[in-house]
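User: Can you walk me through this one? I'd like the overall picture, then some details.

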Amino acid sequence: MSLIACTSDCLYQQEGRCTLERAASGGTPSAENPCVHFVPRRAGRSQDGGQGLPDVPDAD
């Protein structure tokens with residue numbers, strides 16, 4: 001296990017460190033946030049350490 005310091009406003013950043021457990025995130029790197037796993041936080045989204053599924057409306 002390694003400690004990755006992180007201060008980006010990312011879904012996986014918590015208390016100054018990256019909490020992503022495995023490299024499986026489809027992040028959006030940019031000049032501002034060069035991490036390939038960067039996923040911006042969204043208001044109201046839970047940060048439970050897992051990678052949740054998107055909300056899908058009921059087809060019924």
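Analyst: Sure, we'll go from the whole chain to single residues; bear in mind that this is a predicted model.

User: How many helices and strands are in the chain?
Analyst: Zero helices and two strands.

User: OK, and what share of the residues count as buried?
Analyst: 18% of the 60 residues. The chain exposes about 5000 Å², with carbon and sulfur atoms supplying 52% of that.

User: What about contacts between residues 24 or more positions apart?
Analyst: Those make up 47% of the contacts in the chain that have a separation of 6 or more.

User: Switching topic: how many salt bridges does the structure hold?
Analyst: One. R41 pairs with D9, and their closest N and O atoms are 2.8 Å apart. R41 sits in the segment after β2 and D9 in the segment before β1 (13-14), so the salt bridge ties together parts that are 32 residues apart in sequence.

User: Are those two buried or exposed?
Analyst: R41 counts as partly exposed because its relative accessibility is 33%. D9 has 52%, and since the cut-off for exposed is over 50%, D9 counts as exposed.

User: Now N33. Where is that?
Analyst: N33 is in the segment after β2 (17-18).

User: Buried or exposed?
Analyst: Buried, because N33 has 13% relative accessibility and the cut-off is under 20%.

User: Which residues does N33 touch?
Analyst: Leaving aside residues up to four places away in sequence, N33 touches S8, T28 and F38.

How values were computed:
Residues numbered from 1 in each chain as written. Predicted model: local features only at pLDDT ≥ 70, side-chain atom pairs only at ≥ 80, totals over all residues. Heavy atoms only, no water. Helix = DSSP H or I, 4+ residues; strand = E, 2+ residues; numbered from the N terminus. Buried < 20%, exposed > 50% of the residue type's maximum accessible area, 1.4 Å probe, protein only. Contact = heavy atoms within 4.5 Å. Salt bridge = Lys/Arg side-chain N within 4 Å of Asp/Glu carboxyl O. Areas by Shrake-Rupley, 256 points an atom, 1.4 Å probe, with all protein chains shown as cover.
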